[in-house]
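Colleague: Before I use the descriptions of this structure, I should like to hear the grounds for each term. Please set the values against the criteria.

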Amino acid sequence: MPDIIQLLPDSIANQIAAGEVVQRPASAVKELMENSIDAEASFVRLIIKESGKTLLQVMDDGKGMSETDARMSLERHATSKIRKAEDLFQLRTMGFRGEALASMAAVSQLEIRTRLAGDELGTLLVVEASDVKRQEPVACDKGTSISVKNLFYNIPARRNFLKSNANEYQHIVDEFQRLALAHPEIAFQLIEGDTLEFDLPPGKLSQRIVNIFGKAYQEQLAPCREETALVKISGYLGKPQAARKKRGEQFLFVNKRFIRSNYLNHAVMTAFQGLLPENSFPFYVLFIEIDPRHIDVNVHPTKTEIKFDDERAVYAVVLSAVRQAIGAHNLTPAIDFDADVNIISKLSSSSAQSKEVYFEERFGSPLKTSNRDNWETIFEGSREAFLIPKEDIPQVHTLRFESAVNQSSEITEKVCFQLHNRYIVKQVKSGLLFIDQQAAHERILFQKFLQQSRTKSVQSQQSLFPQALIFNAADFAMIMEMQQEIEALGFRIEVFGKNTLLVNGIPGNIPSSHEKELFEGLIEQFKINQSELSVPLSENLARALAKRAAIKAGQVLGSEEMKGLVGGLFACATPNYAPDGRPTFFIFELTKIETYFR
Ligand code: ADP
Ligand code: MG
C-alpha cells in the first residue's frame, strides 16, 4: 500500500489555526490592538463596520515594520517577541505565539500599511486567504495600520456562525474596554460606522474608568492596593451600594493581561461578603503584577486563562487587599483625581487592622497625650473613608482629646439620645446622625470577636454554676469538631456524658447573659449562617455570636452605653454595615432638613 500521509499546505494549516485564534471579529480586534500595544503605540484607533463583519481596522503610531518584517509577520510562528523557549518565562508582551496575523490573513482580505519612523516610505501589503496579491512602497504615516476585511469570507460555515451585529459589537466593545483599562497611558478611539463611540485620552486609571463607564463611577470608586514579596495588587473597587444585578463589570488583569479566573473572583467576592445585597456583583478593576516566572500564559491561544504556580498565595493577597480597601474606603464619597492609586498610600497605611487595635486599646481608657498625634494621623488618613465631615466625628472622640472630664457627660447628654429604644440620635456637623443600636452593636462585636480569635487574645468569664446542655448527636459531633474555634471566642466547654456539654465559661466582653441561651443561640445561628454563606468557620462563629449577643432593639441604653456604641462603631474598619449587610447608620443632612422649611 502506498504511503498516504502528507504535510498540509500552509494556507490550510493557517486556516485551522485561525479556528483557535480568531473565533469572531472581537478576537481579531484583540489581536490587532495587542500588537499595537506591543509596538509601543501611544495612540490606537479602532474602526469597525457592521460590527467588524465587513471591516475592522486598527491604526497605531507605534514602531512600524520594515518591508521584510511586514512580509515575515504573515508567516505562522513568525514573531519578534520571543527567540528561545526561556523567553516564554519572562514575557512582557501581549503576543508571542506569532500566529495571529497569519491566521487572520488566512480567513480574510487583509491589508497592511506600515512605516518605520526613520524611513521615508512605508510598505503596503494586500493579502487574500494567505495569498500575497500586492506588495509595494507606499506613502503613509509612521506606525502601522492593518485592515481585516470580510472576515471568514472564504469559510461560509464560520461566517454563518457569527451572531447578530449587536452581539458581535458587544464582544468587540468588551475587548476594547479591557485593553483600554489595562493601558490608561495610551489614547484609544473606537469608531463604529461614522460614530466616534469612545474617545479616551491618555491619563490615570481612575480617569480611564470614568471615561469608559461614565461620570457616576467617580463617586463610587475606592482604591485598592497591596504589595507582598510575591505579588503587587492595585486598582479600584466599586462601593457595595453601587453593585449591579449583572455580572460583567469585573476586570482582573495579570501583568496587564485580562484574565478570567473564577478562583480569584471568588477571593474578591468573599471580601465583599456580607456587604452586598443578594445576587449582586460589585464593580472592580484589579491589577495583579507578578514575576512572569511564576505564571504560565501559554495555556490557551486566546490567553485569557493563565496558571499561577502558587494560586492560593495569590488568592490570599487578593482577599486581604480587597478586605482592607473596603474597610478603609467603604464610604469614600469621591476619589481624588489628582492622586492615583500609586499615591494614595496614606489611606492604606492606616490599615483597618491597626486602626481597630488602636482604638480597641484606647477605648474606655483616657487617651494619653503621646498617643494623640498618632490617633490624629490615623484619623486624618482615613478621613475620606467616612461620609461624615472630619469635624463631625471627633465630637465622639474630642471628649477624649480634650480630657474634659467635667464637660464630657454634659456634651454627650446634649447631643446623644435614644429614640424609641432602638436608635441612637446624635447631632453632627452635617446634620443628625441616626444609629441602629442593634446593627451597630453586631458590627462592633463581630469585629471584636474576629480580632480576638485571630490574635488568640480572648477573655473568658467563669460561670459560677456551669450548666449542662444536651444536644442531638449531629450537633454534638459538629460542636466537638469546632471546639477549638468555639473556645477561641471565649467559651469554655467540657464533655459531660453522652451528647452533653458543660459550659464553664462564656466570652468576657459580653453584657451579662445566660450561658445556656447564648451557647444554644450561637450553635443555632451558626447553622443558619452555614446554609446561607460560605465563610471560614471562625468567621461564621464570630458572626453568629455577634448576632446573638448584640444589644437588641427595644433595650433601654444609658448615656455611657450610647457613647460606647457610637465610639465603638466608628472605630470599626467597616462601620457602615452590620455583618449581614444591614446599614448601621445614616445622616439626616441639615440641607435636607432645611428643605422642609424652605
Ligand atoms: P505575535 O504578536 O505573537 O508576535 P502576530 O502574528 O500577532 O504575532 O504578529 C507577528 C509580528 O508582526 C509581531 O511579532 C510584530 O513583530 C509584527 N507586528 C504585528 N503587528 C504590528 C504592529 N501593529 N506594529 C509593529 N509590528 C507589528
Ligand atoms: Mg500578536
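**The ligand shell**

Colleague: What makes the pair formed by ligand 1 and the side chain of serine 80 a polar contact?

Modeller: In this predicted model, 2.5 Å separates an oxygen atom of ligand 1 from an N or O atom in the serine 80 side chain. The cut-off for such a pair is 3.5 Å, so the term applies.

Colleague: Which elements give two or more residues to the shell around ligand 1?

Modeller: They are helix H2 (25-38) and helix H4 (100-106).

Colleague: How do you know that asparagine 35 and threonine 144 also qualify as polar contacts of ligand 1?

Modeller: The asparagine 35 side chain has an N or O atom 2.8 Å from an oxygen atom of ligand 1. For threonine 144, a side-chain N or O atom is 3.2 Å from a nitrogen atom of the ligand. Both values lie within 3.5 Å, and both pairs therefore count.

Colleague: How much of the accessible area of ligand 1 does the protein cover?

Modeller: The cover is 93% of the 530 Å² that ligand 1 has on its own.

Colleague: Which residues come nearest to ligand 1, and what classes make up the shell?

Modeller: Of the 19 residues around the ligand, the nearest are Asn35, Thr79, Ser80, Lys81 and Gly98. By class, the shell holds nine polar, six nonpolar and four charged residues.

**The sheet of four strands**

Colleague: Why are S18 and S22 called paired strands?

Modeller: Five bridges join strand S18 (residues 431-436) to S22, and the two run antiparallel. Pairing requires at least two bridges, so S18 and S22 are paired. One of the partnerships is that of isoleucine 435 with phenylalanine 585 in S22.

Colleague: What makes S16 and S22 edge strands?

Modeller: The open sheet has the order S16-S17-S18-S22, with antiparallel pairing. Strand S16 (416-419) and strand S22 (585-589) each pair on one side only, and this is the ground for the term. Neighbouring strands are turned by 25 degrees against each other on average, direction ignored. Helix H22 (residues 590-597) lies across S18 and S22, at about 45 degrees to S22.

**The sheet of three strands**

Colleague: How do you know that S20 and S21 are paired?

Modeller: Four bridges join S20 to strand S21 (residues 500-507) in antiparallel fashion. The requirement is at least two bridges, and S20 and S21 therefore pair. Within this pair of strands, valine 495 stands opposite leucine 501 in S21.

Colleague: Which helix packs on the sheet touching S20 and S21, and which lies across S19, S20 and S21?

Modeller: Helix H17 (residues 473-481) touches S20 and S21, its direction making about 45 degrees with that of S21. Helix H19 (residues 515-532) lies across S19, S20 and S21 and runs at about 70 degrees to S19.

Terms used: Residues are numbered from 1 along each chain as its sequence is written. Chains are lettered from A and ligands numbered from 1 in the order in which they are written. This is a predicted model: local features need pLDDT of at least 70, side-chain atom pairs count only at pLDDT 80 or more; totals for chains, interfaces and linings use all residues. Side-chain values use heavy atoms; hydrogens and water are left out. Axes are lines fitted to C-alpha atoms, for helices over the stretch in contact, and angles run from 0 to 180 degrees between N-to-C directions. Contact means heavy atoms within 4.5 Å. A residue is near a molecule or strand if one of its heavy atoms lies within 4 Å of it. A polar contact is a pair of N or O atoms within 3.5 Å; within protein, one must be able to donate a hydrogen and the other to accept it, and residues adjacent in sequence count only if both atoms are side-chain atoms. Accessible areas come from the Shrake-Rupley method with a 1.4 Å probe; for residues, only the protein chains shown count as cover. Ala, Val, Leu, Ile, Met, Phe, Trp, Tyr, Cys and Pro count as nonpolar, Asp, Glu, Lys and Arg as charged, and the others, Gly among them, as polar.
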